[in-house]
Amino acid sequence: MPKSASPAWLFAEYAPVGVDLASPEAVDAYDRNQGTDPARDDALLDRLGVTEGTRLVDLACGTGSFAVQAALRGAEAHGVDVGEAMLAYARKRAEREGVRVRWHRAGFLDYAHEGDPADVVTTKAALHQLPDFWKQQALLNAAAVLRPGGTFYLWDVIFTFPPGQAAQNLDWWVDTAARAEGEGFTRETFETHIREEFSTYSWVLEGLLERAGLEIVSKDFTSPVHGEYICRRV
Ligand SMILES: C[S@@+](CC[C@H](N)C(=O)[O-])C[C@H]1O[C@@H](n2cnc3c(N)ncnc32)[C@H](O)[C@@H]1O
């Protein structure tokens, strides 16, 4: 959905959802808590076949470590995010590393890719910001950014537990993932995520991916609440 088409019913993707990451302080804390790890980013870039000249678009790029790491290996990296403070942090990171990343203040729904289509589109820990109807529109837009045969990568909080066991699994997640203030994401962060953000079941996401023309090549769930999909644009 390009910027020119903004009907009154369009989801307000620039408005905060759930955990508020709008302020520079919140962004600093987010970057600290998520534990930016260039080696982890490099391992994923290797798996996705990102090399010199690959055109990569990271949607909801946050503090930009993945896009910067892609640029460091010579990729044409684009980082897209609705958060001004996130992009300011990401810009500084790219300057510090001496690489060029094309930063775009835009969202899943209104990002309008210019130039040649991307070889790889990624999005990590962010699609859950949209309700399911809007996830579908976001995935259609992501597919439109990609060349046919291009790769789409999704990592997120994704539920694979049986629906009847949701409460036990969500309690387990909060209990095992939460850290003390200053040592990582707190209990409140996870509780807010579950209550106010829009993480969903794998079987819902799979229907959305397929209907966006993104064929699932592989999937991997590291826990009942986390997982990834690697897809090929049909
Ligand atoms: C939890 S952070 C994840 C950031 C990054 N992808 C990472 O893995 O660290 C979620 C990000 O999504 C961004 N965001 C939220 N809604 C968005 C939307 N509709 N379109 C693009 N970015 C969005 C936020 O500004 C934030 O940077």
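**Close-up views of a predicted model**

**View 1. Gly-74 comes after helix H3.** H3 is followed by Gly-74, whose phi is positive, near 90°. Helices here are DSSP runs of H or I with at least four residues, strands are runs of E with at least two, and both are numbered from the N terminus. This is a predicted model, where local features need pLDDT of at least 70, side-chain atom pairs count only at pLDDT 80 or more, and totals for chains, interfaces and linings use all residues. Residues are numbered from 1 along each chain as its sequence is written, and side-chain values use heavy atoms, with hydrogens and water left out.

**View 2. Helix H3 is mostly covered.** H3 spans residues 65-72, and seven of its eight residues are buried. Buried means under 20% relative accessible area (1.4 Å probe, protein chains only). Among the buried residues are Phe-66, Val-68 and Gln-69.

**View 3. The buried residues of H3 pack against helices and strands.** The helices are H2 (38-47) and H4 (84-97). The strands are S1 (55-59), S2 (76-81), S3 (102-105) and S4 (118-124). Contact means heavy atoms within 4.5 Å.

**View 4. The ligand has 17 residues around it.** A residue counts as near if one of its heavy atoms lies within 4 Å. Tyr-30, Gln-34, Ala-60, Asp-81 and Lys-124 come nearest.

**View 5. Polar atoms of the protein approach the ligand's oxygen and nitrogen atoms.** A ligand oxygen is 2.7 Å from a side-chain N or O atom of Tyr-30. For the side chain of Gln-34, the distance from a ligand oxygen to an N or O atom is 2.8 Å. A ligand nitrogen lies 2.7 Å from a polar backbone atom of Ala-60.

Terms used
Polar contact = N/O pair within 3.5 Å; in protein donor to acceptor, adjacent residues only side chain to side chain. Buried < 20%, exposed > 50% of the residue type's maximum accessible area, 1.4 Å probe, protein only.
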